[in-house]
Amino acid sequence: MSSLSIDDINLSAVEFWAAPDAERERVFRFLRDEHPISFHPAPAVDGMGAMENGEPATGYWALTRYEDVMYASRHPELFCSSRGGTNLVDIPPEIADFIGSIINMDDPRHKKLRNLVAAGFTPKALNKILDQVQVRATSVVDAVAEKGSCDFVAEIAAPLPLQIVCDMVGVPPSGEADVFAASNIILGVGDPEYVQSMEQLMEAGMGLFQYGIALAQDRLDNPRDDITTTLMQAEIEDENGRHKLTTSELGSFFLLLVAAGNETTRNAISHGMLALTQHPDQRALWTADPDAVSNTAVEEIVRWASPVIHFRRTATRDAVVGGQEIKAGEKAVMFYNSANRDERAFPDPYKFDVLRTPNEHAGFGAGGPHFCLGANLARREIKLMFEELFRRLPDIEITGEPDYLQSAFIHGIKRMPCAWHTVRD
Ligand code: HEM
(Lines give C-alpha, C1' and ligand atoms only; values in the text may rest on other atoms or scores of the structure.)
Protein backbone atom coordinates (compact mmCIF):
# COMPACT_ATOMS: atom_id res chain seq x y z
CA MET A 1 0.00 0.00 0.00
CA SER A 2 2.90 2.33 0.70
CA SER A 3 3.45 3.10 -2.97
CA LEU A 4 0.05 4.79 -3.27
CA SER A 5 -0.52 8.47 -2.60
CA ILE A 6 -3.87 10.28 -2.53
CA ASP A 7 -2.38 12.98 -4.76
CA ASP A 8 -2.01 10.45 -7.57
CA ILE A 9 -5.54 9.07 -7.36
CA ASN A 10 -8.25 10.47 -9.60
CA LEU A 11 -11.41 8.38 -9.70
CA SER A 12 -12.57 10.35 -12.72
CA ALA A 13 -9.57 9.53 -14.90
CA VAL A 14 -10.30 7.42 -17.97
CA GLU A 15 -7.07 5.47 -17.33
CA PHE A 16 -8.23 4.50 -13.87
CA TRP A 17 -11.29 2.71 -15.24
CA ALA A 18 -9.29 1.20 -18.08
CA ALA A 19 -6.89 -0.39 -15.58
CA PRO A 20 -7.28 -4.04 -14.53
CA ASP A 21 -9.75 -4.82 -11.74
CA ALA A 22 -6.94 -5.80 -9.38
CA GLU A 23 -5.30 -2.40 -9.68
CA ARG A 24 -8.57 -0.62 -8.93
CA GLU A 25 -9.21 -2.93 -5.97
CA ARG A 26 -5.82 -1.89 -4.59
CA VAL A 27 -6.67 1.80 -4.90
CA PHE A 28 -10.10 1.45 -3.30
CA ARG A 29 -8.61 -0.52 -0.44
CA PHE A 30 -6.09 2.25 0.12
CA LEU A 31 -8.88 4.84 0.04
CA ARG A 32 -11.01 2.90 2.51
CA ASP A 33 -8.08 2.62 4.90
CA GLU A 34 -6.48 6.02 4.54
CA HIS A 35 -8.92 8.43 2.89
CA PRO A 36 -12.42 6.94 3.14
CA ILE A 37 -13.96 10.14 1.80
CA SER A 38 -11.87 12.03 -0.74
CA PHE A 39 -12.60 14.73 -3.30
CA HIS A 40 -12.23 14.14 -7.06
CA PRO A 41 -12.67 16.42 -10.08
CA ALA A 42 -15.57 15.93 -12.50
CA PRO A 43 -14.82 13.54 -15.36
CA ALA A 44 -14.18 14.90 -18.83
CA VAL A 45 -16.82 14.40 -21.50
CA ASP A 46 -15.79 13.99 -25.14
CA GLY A 47 -12.22 14.71 -24.04
CA MET A 48 -13.18 18.14 -22.71
CA GLY A 49 -13.93 19.41 -19.23
CA ALA A 50 -17.56 18.55 -18.48
CA MET A 51 -19.99 21.46 -18.20
CA GLU A 52 -22.99 21.97 -15.96
CA ASN A 53 -25.40 24.77 -16.90
CA GLY A 54 -22.67 26.56 -18.83
CA GLU A 55 -20.13 26.35 -15.99
CA PRO A 56 -17.28 23.84 -15.57
CA ALA A 57 -18.70 20.82 -13.73
CA THR A 58 -17.96 20.50 -10.04
CA GLY A 59 -16.18 17.49 -8.57
CA TYR A 60 -17.53 15.09 -5.95
CA TRP A 61 -16.84 13.40 -2.64
CA ALA A 62 -16.15 9.68 -3.07
CA LEU A 63 -17.64 7.52 -0.29
CA THR A 64 -15.73 4.24 -0.19
CA ARG A 65 -16.61 2.63 3.15
CA TYR A 66 -19.67 0.42 3.57
CA GLU A 67 -20.96 2.34 6.57
CA ASP A 68 -20.74 5.73 4.84
CA VAL A 69 -22.36 4.44 1.63
CA MET A 70 -25.20 2.99 3.73
CA TYR A 71 -25.59 6.26 5.60
CA ALA A 72 -25.89 8.43 2.48
CA SER A 73 -28.26 5.96 0.81
CA ARG A 74 -30.55 5.77 3.84
CA HIS A 75 -30.73 9.51 4.52
CA PRO A 76 -32.47 10.92 1.44
CA GLU A 77 -33.46 14.01 3.42
CA LEU A 78 -29.72 14.84 3.55
CA PHE A 79 -28.61 13.27 0.26
CA CYS A 80 -31.14 13.64 -2.51
CA SER A 81 -31.42 12.29 -6.05
CA SER A 82 -33.29 15.01 -7.91
CA ARG A 83 -30.83 17.92 -7.86
CA GLY A 84 -28.74 17.40 -10.98
CA GLY A 85 -29.49 13.68 -11.04
CA THR A 86 -27.51 10.67 -9.87
CA ASN A 87 -24.55 10.60 -12.28
CA LEU A 88 -21.15 12.19 -11.71
CA VAL A 89 -22.00 15.19 -13.88
CA ASP A 90 -25.32 17.05 -13.63
CA ILE A 91 -27.82 16.05 -16.28
CA PRO A 92 -28.28 18.90 -18.76
CA PRO A 93 -31.77 20.37 -18.19
CA GLU A 94 -32.75 19.68 -21.82
CA ILE A 95 -32.42 15.92 -21.29
CA ALA A 96 -33.38 15.74 -17.63
CA ASP A 97 -36.97 15.14 -18.68
CA PHE A 98 -36.37 11.84 -20.33
CA ILE A 99 -33.25 10.39 -18.72
CA GLY A 100 -33.51 8.58 -15.46
CA SER A 101 -37.15 8.75 -14.48
CA ILE A 102 -37.67 7.75 -10.83
CA ILE A 103 -34.00 7.13 -10.20
CA ASN A 104 -33.50 10.90 -10.44
CA MET A 105 -36.52 11.87 -8.31
CA ASP A 106 -37.15 12.30 -4.60
CA ASP A 107 -40.19 11.41 -2.54
CA PRO A 108 -43.07 12.10 -2.60
CA ARG A 109 -43.11 12.08 -6.40
CA HIS A 110 -40.60 9.23 -6.55
CA LYS A 111 -42.68 7.12 -4.22
CA LYS A 112 -45.91 7.62 -6.15
CA LEU A 113 -44.37 6.66 -9.47
CA ARG A 114 -42.34 3.79 -8.01
CA ASN A 115 -45.45 2.34 -6.38
CA LEU A 116 -47.14 2.18 -9.76
CA VAL A 117 -44.74 -0.42 -11.11
CA ALA A 118 -43.62 -1.95 -7.82
CA ALA A 119 -46.63 -4.27 -7.85
CA GLY A 120 -45.15 -5.97 -10.90
CA PHE A 121 -41.95 -6.82 -9.03
CA THR A 122 -43.05 -8.39 -5.75
CA PRO A 123 -42.12 -12.07 -5.19
CA LYS A 124 -45.81 -12.97 -5.60
CA ALA A 125 -46.13 -11.16 -8.91
CA LEU A 126 -42.82 -12.61 -10.03
CA ASN A 127 -44.13 -16.12 -9.58
CA LYS A 128 -46.20 -15.45 -12.67
CA ILE A 129 -43.12 -14.84 -14.79
CA LEU A 130 -41.03 -17.49 -13.08
CA ASP A 131 -42.16 -20.09 -15.60
CA GLN A 132 -41.22 -17.68 -18.32
CA VAL A 133 -37.72 -17.22 -16.89
CA GLN A 134 -37.28 -21.00 -16.85
CA VAL A 135 -38.54 -21.35 -20.45
CA ARG A 136 -36.17 -18.61 -21.59
CA ALA A 137 -33.20 -20.08 -19.69
CA THR A 138 -33.84 -23.44 -21.34
CA SER A 139 -34.06 -21.92 -24.81
CA VAL A 140 -30.83 -19.94 -24.26
CA VAL A 141 -29.01 -23.20 -23.51
CA ASP A 142 -30.81 -25.05 -26.33
CA ALA A 143 -29.56 -22.46 -28.80
CA VAL A 144 -25.88 -23.06 -27.99
CA ALA A 145 -25.73 -26.63 -26.63
CA GLU A 146 -24.48 -28.34 -29.77
CA LYS A 147 -21.82 -25.72 -30.50
CA GLY A 148 -19.41 -26.77 -27.77
CA SER A 149 -18.15 -23.20 -27.38
CA CYS A 150 -19.42 -19.66 -27.78
CA ASP A 151 -19.13 -16.10 -26.56
CA PHE A 152 -20.56 -16.37 -23.05
CA VAL A 153 -21.74 -12.76 -22.90
CA ALA A 154 -23.54 -12.47 -26.24
CA GLU A 155 -25.01 -15.96 -26.36
CA ILE A 156 -25.66 -16.91 -22.74
CA ALA A 157 -25.56 -13.99 -20.29
CA ALA A 158 -27.23 -11.34 -22.43
CA PRO A 159 -30.33 -12.98 -23.96
CA LEU A 160 -32.11 -14.03 -20.76
CA PRO A 161 -32.41 -10.64 -19.00
CA LEU A 162 -33.07 -8.92 -22.32
CA GLN A 163 -35.94 -11.24 -23.22
CA ILE A 164 -37.47 -11.14 -19.75
CA VAL A 165 -37.47 -7.37 -19.43
CA CYS A 166 -38.84 -7.06 -22.96
CA ASP A 167 -41.63 -9.56 -22.09
CA MET A 168 -42.46 -7.56 -18.98
CA VAL A 169 -42.78 -4.21 -20.68
CA GLY A 170 -44.30 -5.68 -23.84
CA VAL A 171 -41.55 -5.27 -26.44
CA PRO A 172 -42.11 -7.92 -29.16
CA PRO A 173 -39.19 -10.22 -30.16
CA SER A 174 -38.71 -8.10 -33.31
CA GLY A 175 -37.82 -5.12 -31.10
CA GLU A 176 -35.33 -6.90 -28.83
CA ALA A 177 -32.26 -6.23 -30.98
CA ASP A 178 -32.94 -2.48 -31.03
CA VAL A 179 -33.46 -2.39 -27.26
CA PHE A 180 -30.23 -4.34 -26.79
CA ALA A 181 -28.20 -2.00 -29.00
CA ALA A 182 -29.63 1.16 -27.42
CA SER A 183 -29.11 0.01 -23.84
CA ASN A 184 -25.53 -0.99 -24.68
CA ILE A 185 -24.93 2.59 -25.76
CA ILE A 186 -26.68 4.18 -22.78
CA LEU A 187 -24.81 2.13 -20.22
CA GLY A 188 -21.63 1.96 -22.30
CA VAL A 189 -20.70 5.61 -21.75
CA GLY A 190 -16.94 5.78 -21.28
CA ASP A 191 -16.17 2.91 -23.64
CA PRO A 192 -15.27 4.16 -27.12
CA GLU A 193 -16.53 0.89 -28.65
CA TYR A 194 -20.08 1.90 -27.75
CA VAL A 195 -20.13 5.65 -27.38
CA GLN A 196 -18.10 8.13 -29.40
CA SER A 197 -20.12 11.26 -28.73
CA MET A 198 -22.85 12.84 -26.64
CA GLU A 199 -25.01 13.00 -29.78
CA GLN A 200 -24.87 9.23 -30.11
CA LEU A 201 -25.91 8.84 -26.49
CA MET A 202 -28.79 11.26 -26.91
CA GLU A 203 -29.91 9.46 -30.05
CA ALA A 204 -29.97 6.07 -28.30
CA GLY A 205 -31.83 7.50 -25.29
CA MET A 206 -34.31 9.30 -27.51
CA GLY A 207 -34.84 6.12 -29.58
CA LEU A 208 -35.79 4.07 -26.52
CA PHE A 209 -37.88 6.93 -25.16
CA GLN A 210 -39.87 7.14 -28.39
CA TYR A 211 -40.19 3.38 -28.54
CA GLY A 212 -41.72 3.43 -25.05
CA ILE A 213 -44.15 6.18 -26.02
CA ALA A 214 -45.26 4.26 -29.14
CA LEU A 215 -45.79 1.08 -27.08
CA ALA A 216 -47.75 3.04 -24.50
CA GLN A 217 -49.98 4.59 -27.15
CA ASP A 218 -50.64 1.14 -28.58
CA ARG A 219 -51.62 -0.19 -25.13
CA LEU A 220 -54.27 2.53 -24.82
CA ASP A 221 -56.16 0.77 -27.63
CA ASN A 222 -54.96 -2.78 -26.97
CA PRO A 223 -54.49 -3.32 -23.24
CA ARG A 224 -52.43 -6.38 -22.30
CA ASP A 225 -50.97 -8.01 -19.22
CA ASP A 226 -47.76 -5.97 -19.17
CA ILE A 227 -46.23 -3.13 -17.18
CA THR A 228 -46.74 -0.65 -20.00
CA THR A 229 -50.51 -1.27 -19.86
CA THR A 230 -50.50 -0.91 -16.07
CA LEU A 231 -48.70 2.41 -16.39
CA MET A 232 -51.05 3.65 -19.09
CA GLN A 233 -54.11 2.91 -16.97
CA ALA A 234 -52.68 4.24 -13.73
CA GLU A 235 -53.40 7.62 -12.24
CA ILE A 236 -51.33 9.58 -9.79
CA GLU A 237 -52.26 12.44 -7.54
CA ASP A 238 -50.00 15.45 -7.19
CA GLU A 239 -50.17 19.24 -7.01
CA ASN A 240 -51.98 19.19 -10.38
CA GLY A 241 -54.71 16.88 -9.04
CA ARG A 242 -55.42 13.33 -10.21
CA HIS A 243 -54.14 12.54 -13.65
CA LYS A 244 -52.63 9.89 -15.88
CA LEU A 245 -48.92 9.84 -16.52
CA THR A 246 -47.66 12.10 -19.27
CA THR A 247 -46.18 10.45 -22.33
CA SER A 248 -42.81 11.83 -21.31
CA GLU A 249 -43.08 10.18 -17.89
CA LEU A 250 -44.02 6.91 -19.56
CA GLY A 251 -41.21 7.09 -22.07
CA SER A 252 -38.59 7.69 -19.41
CA PHE A 253 -39.95 4.95 -17.18
CA PHE A 254 -39.68 2.56 -20.08
CA LEU A 255 -36.13 3.73 -20.77
CA LEU A 256 -35.12 3.17 -17.14
CA LEU A 257 -36.67 -0.27 -16.90
CA VAL A 258 -35.14 -1.68 -20.05
CA ALA A 259 -31.72 -0.16 -19.41
CA ALA A 260 -31.67 -1.17 -15.72
CA GLY A 261 -33.06 -4.64 -16.27
CA ASN A 262 -30.72 -5.66 -19.00
CA GLU A 263 -27.03 -4.95 -18.58
CA THR A 264 -26.88 -5.32 -14.82
CA THR A 265 -28.14 -8.88 -14.75
CA ARG A 266 -26.11 -9.78 -17.83
CA ASN A 267 -22.94 -8.63 -16.10
CA ALA A 268 -23.81 -10.42 -12.87
CA ILE A 269 -24.18 -13.69 -14.83
CA SER A 270 -20.92 -13.10 -16.73
CA HIS A 271 -18.89 -12.22 -13.63
CA GLY A 272 -20.52 -15.17 -11.86
CA MET A 273 -19.40 -17.63 -14.53
CA LEU A 274 -15.90 -16.19 -14.45
CA ALA A 275 -15.73 -16.46 -10.67
CA LEU A 276 -17.02 -20.04 -10.75
CA THR A 277 -14.36 -20.97 -13.31
CA GLN A 278 -11.66 -19.37 -11.18
CA HIS A 279 -12.95 -20.98 -7.94
CA PRO A 280 -13.76 -24.61 -8.76
CA ASP A 281 -14.17 -25.45 -5.07
CA GLN A 282 -17.04 -22.95 -4.81
CA ARG A 283 -18.59 -24.28 -7.96
CA ALA A 284 -18.42 -27.82 -6.58
CA LEU A 285 -20.19 -26.69 -3.41
CA TRP A 286 -23.00 -25.14 -5.42
CA THR A 287 -23.47 -27.94 -7.96
CA ALA A 288 -23.44 -30.58 -5.21
CA ASP A 289 -26.57 -29.09 -3.65
CA PRO A 290 -28.21 -26.33 -5.70
CA ASP A 291 -31.36 -26.24 -3.54
CA ALA A 292 -29.34 -25.45 -0.44
CA VAL A 293 -26.74 -23.15 -1.99
CA SER A 294 -28.40 -21.20 -4.82
CA ASN A 295 -29.73 -18.34 -2.71
CA THR A 296 -26.47 -17.52 -0.95
CA ALA A 297 -24.50 -18.10 -4.17
CA VAL A 298 -26.63 -15.60 -6.07
CA GLU A 299 -26.12 -12.92 -3.38
CA GLU A 300 -22.39 -13.59 -3.45
CA ILE A 301 -22.30 -13.23 -7.22
CA VAL A 302 -23.97 -9.82 -6.97
CA ARG A 303 -21.59 -8.72 -4.19
CA TRP A 304 -18.58 -10.07 -6.07
CA ALA A 305 -19.60 -8.57 -9.41
CA SER A 306 -20.96 -5.24 -8.14
CA PRO A 307 -22.45 -4.69 -11.63
CA VAL A 308 -23.37 -1.08 -10.80
CA ILE A 309 -20.28 0.74 -9.54
CA HIS A 310 -21.82 3.91 -8.17
CA PHE A 311 -24.73 6.26 -7.86
CA ARG A 312 -24.49 9.85 -6.77
CA ARG A 313 -26.48 11.98 -4.36
CA THR A 314 -26.44 15.72 -3.69
CA ALA A 315 -26.35 17.19 -0.17
CA THR A 316 -29.57 19.09 0.59
CA ARG A 317 -27.87 20.89 3.50
CA ASP A 318 -24.53 20.84 5.26
CA ALA A 319 -24.00 17.30 6.50
CA VAL A 320 -21.29 15.21 8.12
CA VAL A 321 -20.55 11.67 6.95
CA GLY A 322 -17.75 9.55 8.36
CA GLY A 323 -16.32 12.69 9.98
CA GLN A 324 -16.21 14.58 6.66
CA GLU A 325 -18.24 17.73 6.19
CA ILE A 326 -20.18 17.77 2.94
CA LYS A 327 -21.68 21.16 2.19
CA ALA A 328 -25.17 21.82 0.84
CA GLY A 329 -25.16 21.37 -2.94
CA GLU A 330 -22.01 19.20 -3.01
CA LYS A 331 -22.05 15.76 -4.63
CA ALA A 332 -21.53 12.54 -2.70
CA VAL A 333 -20.84 9.41 -4.75
CA MET A 334 -21.54 6.00 -3.23
CA PHE A 335 -19.01 3.47 -4.53
CA TYR A 336 -20.89 0.19 -4.13
CA ASN A 337 -17.95 -1.81 -5.47
CA SER A 338 -15.77 -0.52 -2.63
CA ALA A 339 -18.49 -0.94 0.02
CA ASN A 340 -18.77 -4.57 -1.12
CA ARG A 341 -15.07 -5.17 -0.44
CA ASP A 342 -14.96 -3.32 2.86
CA GLU A 343 -13.08 -5.41 5.42
CA ARG A 344 -15.08 -3.65 8.14
CA ALA A 345 -18.34 -5.14 6.84
CA PHE A 346 -17.33 -8.44 5.24
CA PRO A 347 -14.91 -10.95 6.77
CA ASP A 348 -12.40 -11.97 4.11
CA PRO A 349 -14.02 -9.74 1.44
CA TYR A 350 -11.72 -10.90 -1.39
CA LYS A 351 -12.88 -14.48 -0.97
CA PHE A 352 -15.59 -15.62 -3.37
CA ASP A 353 -17.73 -17.61 -0.95
CA VAL A 354 -21.00 -19.06 -2.24
CA LEU A 355 -22.08 -19.83 1.34
CA ARG A 356 -21.43 -16.32 2.68
CA THR A 357 -23.92 -15.51 5.42
CA PRO A 358 -24.84 -12.84 6.32
CA ASN A 359 -24.27 -11.00 3.07
CA GLU A 360 -25.93 -7.59 3.28
CA HIS A 361 -24.07 -6.31 0.24
CA ALA A 362 -24.65 -3.00 -1.55
CA GLY A 363 -24.88 -4.50 -5.05
CA PHE A 364 -28.56 -3.62 -5.44
CA GLY A 365 -28.03 -0.30 -3.70
CA ALA A 366 -27.41 0.42 -0.05
CA GLY A 367 -31.01 0.60 1.16
CA GLY A 368 -33.29 3.59 1.24
CA PRO A 369 -36.05 4.63 -1.14
CA HIS A 370 -34.25 3.78 -4.40
CA PHE A 371 -33.24 0.22 -3.56
CA CYS A 372 -33.28 -1.79 -6.78
CA LEU A 373 -36.83 -2.47 -7.87
CA GLY A 374 -35.72 -5.44 -9.94
CA ALA A 375 -33.64 -7.19 -7.24
CA ASN A 376 -36.01 -10.15 -6.85
CA LEU A 377 -36.34 -10.57 -10.58
CA ALA A 378 -32.55 -10.40 -11.06
CA ARG A 379 -32.04 -12.98 -8.30
CA ARG A 380 -34.43 -15.37 -10.03
CA GLU A 381 -32.78 -14.90 -13.40
CA ILE A 382 -29.28 -15.50 -12.07
CA LYS A 383 -30.37 -18.55 -10.08
CA LEU A 384 -32.29 -20.22 -12.91
CA MET A 385 -29.60 -19.46 -15.47
CA PHE A 386 -26.87 -21.12 -13.41
CA GLU A 387 -29.06 -24.06 -12.41
CA GLU A 388 -29.86 -24.64 -16.09
CA LEU A 389 -26.18 -24.37 -17.05
CA PHE A 390 -25.07 -26.78 -14.32
CA ARG A 391 -27.74 -29.30 -15.35
CA ARG A 392 -27.32 -29.14 -19.12
CA LEU A 393 -23.68 -28.11 -19.70
CA PRO A 394 -22.09 -29.39 -16.48
CA ASP A 395 -18.48 -28.76 -17.50
CA ILE A 396 -18.96 -25.31 -19.07
CA GLU A 397 -16.10 -22.96 -18.24
CA ILE A 398 -14.54 -19.71 -19.31
CA THR A 399 -11.65 -20.41 -21.65
CA GLY A 400 -10.08 -17.01 -22.30
CA GLU A 401 -9.57 -13.52 -21.00
CA PRO A 402 -12.66 -11.36 -20.51
CA ASP A 403 -12.84 -8.15 -22.52
CA TYR A 404 -13.97 -5.59 -19.94
CA LEU A 405 -16.21 -2.59 -20.51
CA GLN A 406 -14.38 0.64 -19.87
CA SER A 407 -16.74 2.44 -17.51
CA ALA A 408 -16.84 4.19 -14.16
CA PHE A 409 -20.50 3.23 -13.84
CA ILE A 410 -21.05 -0.33 -15.04
CA HIS A 411 -18.70 -3.19 -14.13
CA GLY A 412 -19.22 -4.91 -17.44
CA ILE A 413 -17.78 -7.70 -19.55
CA LYS A 414 -18.23 -7.24 -23.29
CA ARG A 415 -16.96 -10.60 -24.54
CA MET A 416 -15.63 -13.77 -22.94
CA PRO A 417 -15.11 -17.18 -24.55
CA CYS A 418 -16.51 -20.33 -22.97
CA ALA A 419 -16.52 -24.03 -23.89
CA TRP A 420 -17.99 -27.36 -22.74
CA HIS A 421 -17.77 -31.03 -23.74
CA THR A 422 -20.81 -32.58 -22.09
CA VAL A 423 -24.41 -31.85 -23.08
CA ARG A 424 -27.40 -33.24 -21.20
CA ASP A 425 -31.13 -33.04 -21.98
C1 HEM B 1 -27.93 -7.93 -10.87
C2 HEM B 1 -28.79 -7.08 -11.41
C3 HEM B 1 -29.06 -5.69 -10.91
C4 HEM B 1 -28.27 -4.85 -10.19
C5 HEM B 1 -26.85 -5.09 -9.70
C6 HEM B 1 -29.03 -3.63 -9.98
C7 HEM B 1 -28.56 -2.53 -9.27
C8 HEM B 1 -29.31 -1.41 -8.98
C9 HEM B 1 -28.85 -0.30 -8.17
C10 HEM B 1 -27.47 -0.19 -7.54
C11 HEM B 1 -29.86 0.60 -8.11
C12 HEM B 1 -29.84 1.95 -7.41
C13 HEM B 1 -30.23 1.77 -5.99
C14 HEM B 1 -30.20 3.04 -5.20
O15 HEM B 1 -29.93 4.14 -5.70
O16 HEM B 1 -30.48 2.93 -4.00
C17 HEM B 1 -30.96 0.07 -8.88
C18 HEM B 1 -32.17 0.72 -9.06
C19 HEM B 1 -33.14 0.26 -9.92
N20 HEM B 1 -33.17 -0.96 -10.57
FE21 HEM B 1 -31.77 -2.41 -10.49
N22 HEM B 1 -30.24 -3.75 -10.59
C23 HEM B 1 -30.31 -4.99 -11.18
C24 HEM B 1 -31.39 -5.51 -11.87
C25 HEM B 1 -32.54 -4.84 -12.17
C26 HEM B 1 -33.63 -5.36 -12.95
C27 HEM B 1 -33.70 -6.76 -13.55
C28 HEM B 1 -34.56 -4.36 -13.06
C29 HEM B 1 -35.88 -4.30 -13.77
C30 HEM B 1 -36.30 -5.07 -14.72
C31 HEM B 1 -34.07 -3.22 -12.30
C32 HEM B 1 -34.73 -2.03 -12.13
C33 HEM B 1 -34.32 -1.00 -11.33
C34 HEM B 1 -35.07 0.23 -11.15
C35 HEM B 1 -36.40 0.59 -11.80
C36 HEM B 1 -34.34 1.02 -10.25
C37 HEM B 1 -34.69 2.42 -9.76
C38 HEM B 1 -35.42 2.32 -8.45
C39 HEM B 1 -35.76 3.68 -7.86
O40 HEM B 1 -35.17 4.70 -8.22
O41 HEM B 1 -36.66 3.72 -6.99
N42 HEM B 1 -32.84 -3.55 -11.77
N43 HEM B 1 -30.61 -1.16 -9.39
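# Close-up views of a predicted model

**Figure 1. The crossing of helices α9 and α10 is left-handed.** This view, like those that follow, is taken from a predicted model. Helix α9 covers residues 176-186, and its partner α10 spans residues 198-221. The two helices pack with their axes 9 Å apart, at an angle of about 135 degrees. That angle makes α9 oblique to α10, because values from 65 to 115 degrees would count as roughly perpendicular and values over 145 as roughly antiparallel.

**Figure 2. Helix α13 passes α17 in a right-handed crossing.** Here α13, which runs over residues 263-278, packs against α17, residues 375-392, and the angle of this packing is about 40 degrees, with the axes 10 Å apart. This makes α13 oblique to α17, because only angles under 35 degrees count as roughly parallel. Helix α13 returns in two later views, since it supplies at least two residues to the lining of the largest cavity and at least two to that of the second largest pocket.

**Figure 3. The iron atom of the ligand is bound by a single donor from the protein.** That donor is the SG atom of Cys372, which lies 2.3 Å away from the iron. Cys372 itself is placed in the loop between α16, residues 336-339, and α17, residues 375-392. The loop between α16 and α17 also holds Pro358, a residue that is shown again in Figure 7 for its peptide bond with Thr357.

**Figure 4. The second largest pocket has a volume of about 510 Å³.** Its lining is made of 23 residues, and those that lie nearest its centre are Asp21, Ala22, Glu25, Arg341 and His411. Four helices, namely α2 (21-34), α13 (263-278), α15 (290-305) and α16, each supply at least two residues of this lining, and the largest share, 6 residues, comes from α2. Sorted by class, the lining of this pocket holds 11 nonpolar residues, 6 polar ones and 6 charged ones.

**Figure 5. The largest cavity encloses about 70 Å³ of space.** The model has 2 cavities of 30 Å³ or more, and the largest of them is lined by Asn184, Gly188, Tyr194, Glu263, Arg266, Asn267, Leu405, Gly412, Ile413 and Lys414. Both α13 and the strand β17, residues 413-415, give at least two residues each to this lining, while the largest share, 3 residues, comes from α13. The lining residues of the largest cavity divide into 3 nonpolar, 4 polar and 3 charged.

**Figure 6. The second largest cavity holds about 50 Å³ of space and is lined without any charged residue.** Around this space stand Val169, Gly212, Ala216, Ile227, Thr228, Leu231, Leu250, Gly251, Phe254 and Leu257. The elements that give two or more residues to the lining are α10 (198-221), α11 (227-233) and α12 (247-260), and the largest share, 4 residues, comes from α12. By class, the lining of the second largest cavity has 7 nonpolar and 3 polar residues.

**Figure 7. Two loops carry cis peptide bonds that lead into a proline, Pro108 and Pro358.** The peptide bond from Asp107 to Pro108 is cis, with omega near 10 degrees, and Pro108 is found in the loop between α4, residues 93-96, and α5, residues 109-118. A cis peptide bond also joins Thr357 and Pro358, where omega is about -5 degrees. Pro358 is found in the loop between α16 and α17, the loop in which Cys372 also has its place.

**Figure 8. Ser306 has a positive phi although it is a residue other than glycine.** The phi value of Ser306 is near 40 degrees, and the residue is placed in the loop between α15 and β11, a strand of residues 310-315. Helix α15, which comes before this loop, covers residues 290-305 and is one of the elements that each supply at least two residues of the lining of the second largest pocket in Figure 4.

Terms used. Residues are numbered from 1 along each chain as its sequence is written. This is a predicted model: local features need pLDDT of at least 70, side-chain atom pairs count only at pLDDT 80 or more; totals for chains, interfaces and linings use all residues. Side-chain values use heavy atoms; hydrogens and water are left out. Donors are N, O and S atoms within 2.8 Å of the metal (3.2 Å for Na, K and Ca); water is not among the atoms, so sites may look incomplete. On a 1 Å grid over the protein atoms alone, a cavity is a set of points where a 1.4 Å probe fits but cannot get out, and a pocket is an open set with protein on both sides within 12 Å along at least five of seven lines; lining residues have an atom within 4 Å of a point. Grid points are joined across faces, edges and corners, and a volume is the space filled by probe spheres set on the points. Ala, Val, Leu, Ile, Met, Phe, Trp, Tyr, Cys and Pro count as nonpolar, Asp, Glu, Lys and Arg as charged, and the others, Gly among them, as polar. Axes are lines fitted to C-alpha atoms, for helices over the stretch in contact, and angles run from 0 to 180 degrees between N-to-C directions. A crossing is left-handed if the near helix is turned anticlockwise from the far one by less than a right angle, and right-handed if clockwise.
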